[in-house]
Amino acid sequence: MSMINWFKFSAPSTFYPLAGRLIPVFWALFAILALAGLWVGFFVAPTDFQQGEGYRIIFIHVGASWMSMFTYLVMAFWAGMGLAFNTRLSGMMASALAPTGALFAFISLWTGALWGKPMWGAWWVWDARLTSELILLFLYIGFIALTHAIDDTRRADKAGAILALVGVVNVPIIYFSVKWWNTLHQGASVSLTKAPAMASIMLWGMLLCALAMWMYSLAVALMRVRVIILERERHTDWVKELLAKRSQ
Amino acid sequence: MYWNSFSDFLAMGGYGFYVWGSFGVTALVMVLEPLLITRRRRATESRLTRQIRAEARQEHA
Amino acid sequence: MLQIVSYTIARDLRLALRRPADLVSVLFFFIIVASLFPLGVGPEADLLRQLAPGVLWVGALLATMLSLPRLFADDHRDGTLEQLALSPNPLGLMVLGKVIAHWLVSGLPLALLAPVLGLQFDLPADALWVLTFSILLGTPALSGIGAIGAGLTLGLRGGGVLLSLLVLPLYIPVLIFGAGAVDATVSGLGPGAHLSLLAALTIGGVAFAPWAAAAALKIALE
């Protein structure tokens, strides 16, 4: 039974209205979680005794880093589904997720730099995590550049899928090698991977903010996939009917 | 509550620039991205509607 | 199976030897890039010795990439590639042959040239040996990963720049362990661990990359 349902919703014509109904739900959840997270982050969580108020940056930094990595995994999952089952929707999902993942990687780097300046005295430190995040951003940019360079959307989807899968195999290797490189070159001079023990209320704030980013990503990816569906299915009857209804 | 006044809140104990720089850019990105998608959507919809009308006119003629 | 691989290697080598200028220009690119660095940072021997592993490895990496766009392009243009894709033999084996041939005309000569350039940077003798050996060991992985990028960008506008955008991030582990091996020798730590990891990357890269590249080629030819 569930198989039938999944394949039913993997048709763009049924997924399009479903996504349309889900988007407001995710936006509402985002608003609630973001407000709660910001409230906890700024008004409930106490001042950190080591880092003062500057530590409040981690409420978005950690969530954004998680999101950027997780989005890449989800993208690779859809890419693999697209190659395995040849479903049209999978490639559209992958290309809808990539820009959002890249933006979160950017946010992670940006907030990392703004946190690093007062805490370590430098905008950029070649820390294993920051470096891996930078490489992750490169991988996103490569995916976006490749899929945009190919005009035929079916070929673009499949080529992007192979790149995403190769990337996902390489991410652990890259992380491990960067970590190895980092420990050899910097030793104990900068130990930033160890966060000071955090009060549990801080963890709650971080978790709420991260969940808010999840909801944001879902809403935005669905919005983008709906546009992609319209563009790619423009010759089908259901899109024509839909647009005819709208213009009346 | 750890803030005595609004300016205290803005100052963030001396880290104001870094904290608000982070939250500000994140907020900007999270506002701009949906706006850009909405704009792309409007553009696509009107382009496709025009195309469909043109096709319909051709069929009539 | 081995026949397809060795046949492809022989054919590609023959084609490459018909155009020795391409091979030579890759080597000169490597020489020029490596010679630019002392001019940029100054002639202090200590500083150069410290920079040498990274500079020479980055130079070798870029030089390897230079010839990648041509890996499938010529066969694509004259239709050979489509015939090969239609033949009953696995396309991955053909790609493996091409990867090995690419290494023989880029990685191997670069490795032999590297110690000469290492002398410019005042590297000690044992480091020169490790440099040669690490480039020998690491460049097959570069050719393999590069083949994936070459397959994905086959026939695209601005394929060369796009290729480097896709491939360079994936080269990072090879660069880290390759330059790290030389670095470790200079600082007296011994290159063993780095070289084993480099070998692991190469085995993984040469074993799996041709199949991914073959999948990419099939998509490009559809």
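How many residues of chain C are in contact with chain A? In this predicted model, the answer is 20, and they meet 22 residues of chain A. On the chain C side, three helices each put in at least two residues: α8 (125–152), α9 (159–186) and α10 (192–221). Of these, α9(C) gives the most, with ten residues. As for chemistry, the side of chain C that touches chain A is made up of 16 nonpolar residues, plus two polar and two charged ones.

Stepping back to the whole assembly, two pairs of chains are in contact, and it's chains A and B that share the most contacts. Chains B and C, on the other hand, have no contact joining them; their closest C-alpha atoms lie 24 Å apart.

Within chain A, helix α3 (residues 58–85) makes for a handy check on geometry. With 28 residues at 1.5 Å a residue, α3 of chain A should span 40 Å, and its end C-alpha atoms do sit 40 Å apart, so expectation and model agree. Just after α3(A) comes A:N86, which takes a positive phi of about 55°.

How far can chain A be trusted? Its mean pLDDT is 85, with 89% of its residues at 70 or more. The stretch to watch is residues 187–194 of chain A, where the pLDDT is below 50. Beyond near neighbours in sequence, residues 187–194 of chain A still have seven contacts in the model. Where pLDDT is low, though, the predicted coordinates shouldn't be read in detail.

Terms used:
Residues are numbered from 1 along each chain as its sequence is written. Chains are lettered from A and ligands numbered from 1 in the order in which they are written. This is a predicted model: local features need pLDDT of at least 70, side-chain atom pairs count only at pLDDT 80 or more; totals for chains, interfaces and linings use all residues. Helices (H or I, at least four residues) and strands (E, at least two) are DSSP runs, numbered from the N terminus. The expected span of a helix is 1.5 Å times one less than its number of residues. Ala, Val, Leu, Ile, Met, Phe, Trp, Tyr, Cys and Pro count as nonpolar, Asp, Glu, Lys and Arg as charged, and the others, Gly among them, as polar. pLDDT is the predictor's confidence in each residue, from 0 to 100.
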